[in-house]
Amino acid sequence: MSVTVVRFNLVDPGATPASLSDRYKAALEMAAYADDRGMTTVQTEEHHGAANNWLPSPFTFAGAVFGATRNIAVTVSAIIGPLHDPLRLAEDIAVLDLLSGGRLVTVAGIGYRPEEYALFDVDWKGRGRLQDELLETLLKAWTGEEFEYRGRTVRVTPRPFSDPHPLLLVGGSSKAAARRAARLGLPFFPSAHLPDVEAYYKERLVEYGTEGWTMMPAAVTPLLHLAEDPDRAWAEHGRHFLHEARTYASWQSSDIRSAVKSAATTVEELRTEGVYRIVTPDECLAQGLDSYVLHPLSGGMPVDEGWRSMHLFCENVLPRLKSL
């Protein structure tokens, strides 16, 4: 069966504190509904200082999802590794792993926005070194044994639930990221469909004598929204998808390779492009995808419209996917 994902970044450019609270609560209710219907994964992410309220605290959100669900995994894709204190992150992930019984998946990247590093007074130029330190520290911390950290002996408790440690992938689109993953024997999560970088990763595994695997997005992984009348949905709600697409485009330089990358400047261009797709249940099933990624609250989408999309997918598409 295909992987089924519901994605939340909680963006809402016009939110008040009260409306944003309602959006967060709705996301948790949607996660519980997706879990009850047998969806595979909740995906969330991390960005800081965004005017449109992009979720900055994915692990806090993940903890709330775990409290509302029983089986669904939560993938944090991706954290901006160098912005986190390594020891505290090791503790937070261990606690979430224990709470969830091993349902947390963490993808660690280095980000692409210098503004986020400036916000936390972290050296942008030293991000590669900081990422190496973070990953190495996590792997040592989760053993529960003492180890040397910045010139002193430390020990992190409790040990996580998962053995040997919670699922941790190295994300990115560069050879440096692939090399880092191979050196540490960690799985690699390319940020787009990048066979050349995957091949480089496999070569480095042989060089370092380590083992690993790749979780690579398909060549086409559209963000989906379901509607009985896609023309109506595009007319009424296309601006929400465009807001997110334009936000991403404003952050990404020309050399960034991402599975979600749009050059559209109008709703019409966005619809033609196909990165975001509004489809009927039958059209959704006909996509024939390896991964179905729903984005019900994209770019400030009204909560009731998000629920319509969730209901159409879970009641009209998901049962048919399970029978294939």
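Guide: An axis here is a line fitted to C-alpha atoms, for a helix over the stretch in contact, and an angle is taken between N-to-C directions, from 0 to 180 degrees. The model in front of you is a predicted one, and with that definition we can begin with two of its helices. The axes of helix α3 (residues 86–100) and helix α5 (residues 127–141) come within 9 Å and cross at roughly 50°.

Visitor: What makes α3 oblique to α5?

Guide: Angles under 35 degrees count as roughly parallel, those over 145 as roughly antiparallel and those from 65 to 115 as roughly perpendicular, with the rest called oblique. The angle between α3 and α5 is roughly 50°, so α3 is oblique to α5. The crossing in which α3 passes α5 is right-handed.

Visitor: Which residues make the contact, and how do they divide by class?

Guide: From α3 come P86, L87, L89 and A90, and from α5 come E133, L134, T137, L138 and A141. By class, this contact has seven nonpolar residues, one polar and one charged.

Visitor: How do you know whether L89, in α3, counts as buried or exposed?

Guide: Buried means under 20% relative accessible area, and L89 has 2% relative accessibility, so L89 counts as buried. Not counting residues up to four places away in sequence, L89 touches F59, I79, H84, L134 and L138. L89 and L168 lie 79 residues apart in sequence, while their C-alpha atoms are 12 Å apart in space.

Visitor: Why is α1 called oblique to α2?

Guide: Helix α1 (residues 17–37) and helix α2 (residues 58–68) have axes 9 Å apart and pack at an angle of about 45°. Because this angle belongs to none of the parallel, antiparallel or perpendicular ranges, α1 is oblique to α2. Their crossing is right-handed, and in it A27, L28, A31 and A32 of α1 meet F61, A64, V65 and A68 of α2. The residues of this contact divide into eight nonpolar, no polar and no charged.

Visitor: What makes T4, in strand β1 (residues 3–7), buried or exposed?

Guide: The cut-off for buried is under 20%, and T4, at 0% relative accessibility, therefore counts as buried. Leaving aside neighbours within four places in sequence, T4 is in contact with G38, M39, T40, T41, Y292, F313, L318 and L321.

Visitor: How many residues has the largest nonpolar core, and which have the most contacts inside it?

Guide: The largest nonpolar core has 68 residues, and F8, M39, V42, M310 and F313 have the most contacts inside it. Helix α3 gives the most to this core, with six residues. Apart from this core lies another, of 21 residues, including L223, L242, V275 and Y276. In soluble globular proteins, nonpolar side chains tend to be buried together.

Visitor: With which residues is M39 in contact?

Guide: Apart from neighbours within four places in sequence, M39 is in contact with T4, V5, V6, A34, I72, M310, F313, C314 and L318.

Visitor: Which residues of helix α6 (residues 175–184) are buried, and against what do they pack?

Guide: A177, A178, R180, A181, A182 and L184 are buried in α6, and the buried residues of this helix pack against α5, β7 (167–172), β8 (188–190) and α7 (195–208). Just after α6, G185 takes a positive phi of about 65°.

Technical notes
Residues numbered from 1 in each chain as written. Predicted model: local features only at pLDDT ≥ 70, side-chain atom pairs only at ≥ 80, totals over all residues. Heavy atoms only, no water. Buried < 20%, exposed > 50% of the residue type's maximum accessible area, 1.4 Å probe, protein only. Contact = heavy atoms within 4.5 Å. Helix = DSSP H or I, 4+ residues; strand = E, 2+ residues; numbered from the N terminus. Left-handed = near helix turned anticlockwise from the far one by under 90°. Nonpolar A, V, L, I, M, F, W, Y, C, P; charged D, E, K, R; others polar. Core = buried A, V, L, I, M, F, W, Y, C linked by side-chain atoms within 4.5 Å.
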